[in-house]
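Got your viewer open? Here is a tour that goes stop by stop, telling you what to select and what is there.

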Amino acid sequence: MNPINRPYYRGFNFFNEVVGLDHKKLFNIKNVFDHAPSSFNNINDFAIKKFKNYRDEITKHSIYFNPTQRSPMPRSRGEAIMSGLVSVSADNHDVSRFIQNGVDGFYSNDKAEIYDALRFLTMNNQGRRKMQTKSRDLAIKYFSLDRYHQEWIDTLREYIKV
């Protein structure tokens, strides 16, 4: 994902303004989406290797900063949460339906608040680990296949009257 393409949608300015507050360079921010495999035999091989590279890279981290402005539930945020990363997001669309601010992640449209959340997570290992556990619990609650299947069963029962 290159934030320069569709910069407002992807929160490029919001990202730069938050990171611009990091004068002490506390944050080691990386884009984990650009890790393409160096060699592959066919398109399926490429996709499998690219996904493995992405998974290997994302699990090296503990915080996911999502400045996206227009995507209702970015897949990358869900993937990060399912991987046990603490999500720090711009407050838009439905983020408050999933994340309990200050409990299993953070969200705000105030750049200083986002900076403070990132700083807290960077400087407070115990607090970050506790939030990582809660973030993983959040993923199980909202994004598991069991929950998805149960909602379909409940919906079908409601309409079929079984």
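## First stop: a salt bridge near the end of H2

Start with Glu 57: at 8% relative accessibility, Glu 57 counts as buried, because buried means under 20%. Now add Lys 60 to the selection. Glu 57 and Lys 60 form a salt bridge, with their closest N and O atoms 3.3 Å apart. Lys 60 is on the other side of the accessibility scale: Lys 60 has 61% relative accessibility and so counts as exposed, since the cut-off for exposed is over 50%. One thing to keep in mind as you click around: this is a predicted model.

## Zoom out: the whole chain

Switch to a cartoon view. You should be able to find seven helices and three strands. Walking from the N terminus, the elements come in the order α-α-β-α-β-α-β-α-α-α. The chain has 162 residues, and 33% of them are buried. If you turn on a surface, you are looking at about 10400 Å² of accessible area, with 52% of that belonging to carbon and sulfur atoms. As for contacts with a separation of 6 or more, 53% of them are between residues 24 or more positions apart.

## The sheet

Select the strands next. In what order do the three strands sit in the sheet? The order is E1-E2-E3, in an open sheet with parallel pairing. The edges are strand E1 (63–66) and strand E3 (105–108), each of which pairs on one side only. Neighbouring strands are turned by 10° against each other on average, ignoring direction.

For a closer look, pick strand E2, residues 86–90, together with E3: the two pair in the parallel sense over four bridges. Show Ser 87 and you will find Gly 105 of E3 standing opposite.

## Helix H6, lying across the strands

Keep the strands on screen and add helix H6, residues 125–143. H6 lies across E1, E2 and E3, and runs at about 85° to E2.

Within H6, click on Lys 134. Buried or exposed, or in between: where does Lys 134 fall? Lys 134 is partly exposed, with a relative accessible area of 36%. Leaving aside residues up to four places away in sequence, Lys 134 touches Val 103 and Asp 104. If you like using the distance tool, try Lys 134 to Ile 99: the C-alpha atoms are 9.8 Å apart, although the residues are 35 apart in sequence.

## Helix H3 and what surrounds it

Now select helix H3, residues 75–82. Which residues of H3 are buried? They are Ser 76, Arg 77, Gly 78, Ala 80 and Ile 81. Show what they pack against and you will light up helix H2 (43–58), E1, E2, helix H4 (95–98) and H6. Just past the end of H3, have a look at Gly 84, where phi is positive, at about 85°.

Stay on Arg 77 and bring in Asp 94. Asp 94 forms a salt bridge with Arg 77, with the closest N and O atoms 3.6 Å apart. The pair ties together distant parts of the chain: Asp 94 is in the loop between E2 and H4, Arg 77 is in helix H3, and 17 residues separate them. Both Asp 94 and Arg 77 are buried.

## Another salt bridge

How many salt bridges does a search of the whole structure find? It finds six, and one of them is between Glu 17 and Lys 111, where the closest N and O atoms are 3.2 Å apart. Select both and follow the chain between them: Glu 17 is in helix H1 (residues 12–20), while Lys 111 is in helix H5 (residues 111–123), 94 residues away. Glu 17 is partly exposed, with a relative accessible area of 41%. Lys 111 also counts as partly exposed, at 29% relative accessibility.

## Last stop: a nonpolar patch

Finish by turning the surface back on and selecting Leu 145, Tyr 148, Trp 152, Leu 156, Tyr 159 and Ile 160. These residues form a nonpolar patch on the surface, and together they have about 730 Å² of accessible area. Pick Trp 152 out of the group: this residue lies in helix H7, which spans residues 145–160. At 46% relative accessibility, Trp 152 counts as partly exposed.

Note on methods:
Residues are numbered from 1 along each chain as its sequence is written. This is a predicted model: local features need pLDDT of at least 70, side-chain atom pairs count only at pLDDT 80 or more; totals for chains, interfaces and linings use all residues. Side-chain values use heavy atoms; hydrogens and water are left out. Patches are made of residues with over 30% relative accessible area and no salt bridge: like charges are joined within 9 Å, nonpolar side chains (Val, Leu, Ile, Met, Phe, Trp, Tyr) within 5 Å. Accessible areas come from the Shrake-Rupley method with a 1.4 Å probe; for residues, only the protein chains shown count as cover. A salt bridge is a side-chain nitrogen of Lys or Arg within 4 Å of a carboxyl oxygen of Asp or Glu. Buried means under 20% relative accessible area, exposed over 50%, partly exposed in between (1.4 Å probe, protein chains only). Contact means heavy atoms within 4.5 Å. Two strands pair if DSSP finds at least two bridges between them. Axes are lines fitted to C-alpha atoms, for helices over the stretch in contact, and angles run from 0 to 180 degrees between N-to-C directions.
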